[in-house]
Amino acid sequence: MPHLQIEAERALNRLHAAPSLVDHRAERARNRLHAEPAPPRVIEIGEITAGIAVPEPGGVRFFASSRDFAPLDGTVYRSVEQAARAARDRFRDRTRPAAQARGPRLQAV
């Protein structure tokens with residue numbers, strides 16, 4: 001009989017014990033408000049580093065790493081992919097030959 005009483009007391013103690021730290025961390029990770037933020041991501045176009053996308057509430061903020069991408073500096077995008085697309089577009093506009101940038105010319109006949 002004493003053996004059953006000891007087992008019953010242990011079971012009650014487990015029920016009333018405070019949750020372990022591991023359980024607390026797992027519960028916290030499931031809560032969006034306490035979730036670990038995504039790490040900052042470097043955005044590269046080929047071999048050129050355009051900048052870094054830093055997560056913040058509502059998206060990611062782009063910080064330019066060179067003057068070519070300065071107009072994008074501080075802009076908030078919904079995702080890293082959108083920030084990378086904007087950097088690619090900016091790079092394409094900056095590296096396009098001058099003749100293509102002006103567009104087709106009308107010739108007098």
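These legends accompany close-up views of a predicted model.

**View 1. The whole chain, with its helices and strands in order.**
Let's start with the overall layout: the chain holds four helices and four strands. Reading from the N terminus, the elements follow the pattern α-α-β-β-β-β-α-α. Of the 109 residues in the chain, 15% are buried. The accessible surface amounts to about 9300 Å², and carbon and sulfur atoms make up 54% of that area. Among contacts with a separation of 6 or more, 15% link residues 24 or more positions apart.

**View 2. The four-stranded sheet and its edges.**
Here the four strands form an open sheet in the order β1-β2-β3-β4, and the pairing is antiparallel. The edge positions belong to β1 and β4; each has a single partner strand, so one side of each lacks a neighbour in the sheet. The helix to look for in this view is α3, which packs on the sheet and touches β1, β2, β3 and β4. The direction of α3 makes about 30 degrees with that of β1. As background, strands in a sheet pair through backbone hydrogen bonds, in either a parallel or an antiparallel way.

**View 3. The hairpin of β1 and β2.**
Strands β1 (41–45) and β2 (48–56) form a hairpin with two residues between them. In the turn, G46 has a positive phi of about 65 degrees. Five bridges join these antiparallel strands. For a handy landmark, find R41, which stands opposite A53 in β2.

**View 4. The hairpin of β2 and β3.**
Move along the sheet and you meet another hairpin, formed by β2 and β3, again with two residues between the strands. G58 sits in this turn and has a positive phi of about 95 degrees. The two strands run antiparallel and are joined by six bridges. One pair worth picking out is V54 with its bridge partner R61 in β3.

**View 5. The largest nonpolar core.**
This close-up shows a core of 14 residues, in which I43, A50, F62, F69, L72, Y77 and A87 have the most contacts. The elements giving two or more residues to the core are β1, β2, β3 and α3 (80–95). The largest share comes from α3, with five residues. Focus on L72 for a moment: beyond its neighbours within four places in sequence, L72 is in contact with F62, Y77, A86, A87 and R90. More generally, nonpolar side chains in soluble globular proteins tend to be buried together.

**View 6. T75 and its surroundings.**
Our last stop is T75, in the loop between β3 (59–64) and β4 (76–77). Is T75 buried, exposed or partly exposed? With a relative accessibility of 28%, T75 counts as partly exposed, because buried means under 20% and exposed means over 50%. Setting aside neighbours within four places in sequence, T75 is in contact with V60, R61 and F62. Of these, R61 is the bridge partner of V54, and F62 is one of the residues with the most contacts inside the core. A53 lies 22 residues from T75 along the chain, and their C-alpha atoms are separated by 9.7 Å.

Definitions and conventions: Residues numbered from 1 in each chain as written. Predicted model: local features only at pLDDT ≥ 70, side-chain atom pairs only at ≥ 80, totals over all residues. Heavy atoms only, no water. Buried < 20%, exposed > 50% of the residue type's maximum accessible area, 1.4 Å probe, protein only. Contact = heavy atoms within 4.5 Å. Core = buried A, V, L, I, M, F, W, Y, C linked by side-chain atoms within 4.5 Å. Areas by Shrake-Rupley, 256 points an atom, 1.4 Å probe, with all protein chains shown as cover. Pairing = 2+ DSSP bridges. Axes fitted to C-alpha atoms, helices over the stretch in contact; angles between N-to-C directions.
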